[in-house]
Amino acid sequence: MKMDLYKIRRGRLEFCNLSIDEKHPLILPKNSWLTTLIVRREHKVMHGGTASTLAQVRSNYWIPKGRQIVKKVIRNCFICRKYLAKPIDQLTSPLPSDRINQTLAFSVRGLISLDLSTSITSRAAKSISFYLLAELPEHFTWNWCLI
């Protein structure tokens, strides 16, 4: 694939105090791999935005529709995508009604019994019983307890 590069030697900036490359930039085709590589190289210096990257490129080169190419390179930059990413909103489920509605203390209560039997030796056996009076939620069911 042949690529034509042009450099225009005449212009309005003839008597300006700029360097030769800034006065007469090299004109690059917009859909070229070389143009993409140059823009990518200038972008990776500071990972700046569109304006700063385009200013760096335009100090030596002129690209027709250069802003579009710079935006495309910045969109494909992994580091910039990582730092410009927006956080995801956390979805929370609604609270159950017994956690929200106010009730009197111990309006729903129950007695929980827990028996622990352990044998230390063959002759001695210990039996420990715990009883706990607790406030239970409204949706609590006793069908799993053996009293």
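What share of the 147 residues of the chain counts as buried?

**Figure 1. The whole chain in a predicted model.** Of the 147 residues of the chain, 20% count as buried, and the views that follow look at where some of these buried residues sit. The chain holds six helices and five strands, and, when these elements are read along the sequence, they follow the pattern β-α-β-α-α-β-α-α-α-β-β. Among the contacts in the chain with a separation of 6 or more, 47% are made by residues 24 or more positions apart. The accessible surface of the chain amounts to about 12700 Å², and carbon and sulfur atoms account for 58% of that surface.

**Figure 2. Helix α2 and its two faces.** Helix α2 runs over residues 33–46, and its buried residues are T35, T36, I38, V39, E42 and H43. Seen down the axis of α2, these buried residues fall within an arc of 165°, so they line one face of the helix. The face turned away from this buried side carries W33, K44 and V45, which are exposed. Several elements take part in covering the buried residues of α2, including α3 (50–58), β3 (61–62), α4 (66–76) and α5 (78–83).

**Figure 3. The two ends of helix α2.** At the start of α2, S32 places a side-chain oxygen within 3.2 Å of the backbone nitrogen of L34. At the other end, just after α2, the residue H47 takes a positive phi of about 55°. The chain then continues through the loop between α2 and α3, where G49 is found. With a relative accessibility of 38%, G49 counts as partly exposed, because a residue is called buried under 20% and exposed over 50%, with partly exposed in between. Although G49 and V70 are 21 residues apart along the chain, their C-alpha atoms are separated by 8.8 Å.

**Figure 4. Helix α3 and its buried residues.** In helix α3 the buried residues are T53, L54 and V57. When the helix is seen down its axis, these residues fall within an arc of 100°, so they line one face of α3. The elements against which the buried residues of α3 pack are α2, β3 and α4.

**Figure 5. The surroundings of T53 in helix α3.** T53 is a residue of helix α3, and its relative accessible area of 2% means that it is buried. The side chain of T53 is joined to the side chain of H43 by a polar contact of 3.5 Å, while a polar atom of the T53 side chain lies 2.8 Å from the backbone oxygen of G49. If residues up to four places away in sequence are not counted, T53 touches V39, E42, H43, G48, V70 and I74.

**Figure 6. The cavity lined by residues of α2 and α3.** The structure holds one cavity of 30 Å³ or more, and the volume of the largest cavity is about 40 Å³. The lining of the largest cavity is made up of E42, H43, V45, M46, H47, G48, S52, T53 and Q56. Two elements, α2 and α3, each give two or more residues to this lining, and the largest share, four residues, comes from α2. T53 and H43, whose side chains are joined by the polar contact shown in the preceding view, both belong to the lining.

**Figure 7. Helix α4 and the place of G66.** The buried residues of helix α4 are G66, I69, V70, V73 and I74. Seen down the axis of α4, these residues fall within an arc of 135°, so they line one face of the helix. On the other side of α4, the residues Q68, R75 and N76 are exposed. The buried residues of α4 pack against α2, α3 and α5, and two of these residues, V70 and I74, are among those that T53 touches. G66 is found in this helix and is buried, with a relative accessible area of 2%. Between G66 and T35, which are 31 residues apart in sequence, the distance in space is 9.3 Å from C-alpha to C-alpha.

How values were computed
Residues numbered from 1 in each chain as written. Predicted model: local features only at pLDDT ≥ 70, side-chain atom pairs only at ≥ 80, totals over all residues. Heavy atoms only, no water. Buried < 20%, exposed > 50% of the residue type's maximum accessible area, 1.4 Å probe, protein only. Arc of directions from axis to C-beta. Contact = heavy atoms within 4.5 Å. Polar contact = N/O pair within 3.5 Å; in protein donor to acceptor, adjacent residues only side chain to side chain. Areas by Shrake-Rupley, 256 points an atom, 1.4 Å probe, with all protein chains shown as cover. 1 Å grid on protein atoms, 1.4 Å probe; cavity = no way out; pocket = protein on both sides within 12 Å on 5 of 7 lines; lining within 4 Å. Points joined across faces, edges and corners; volume = space filled by probe spheres on them.
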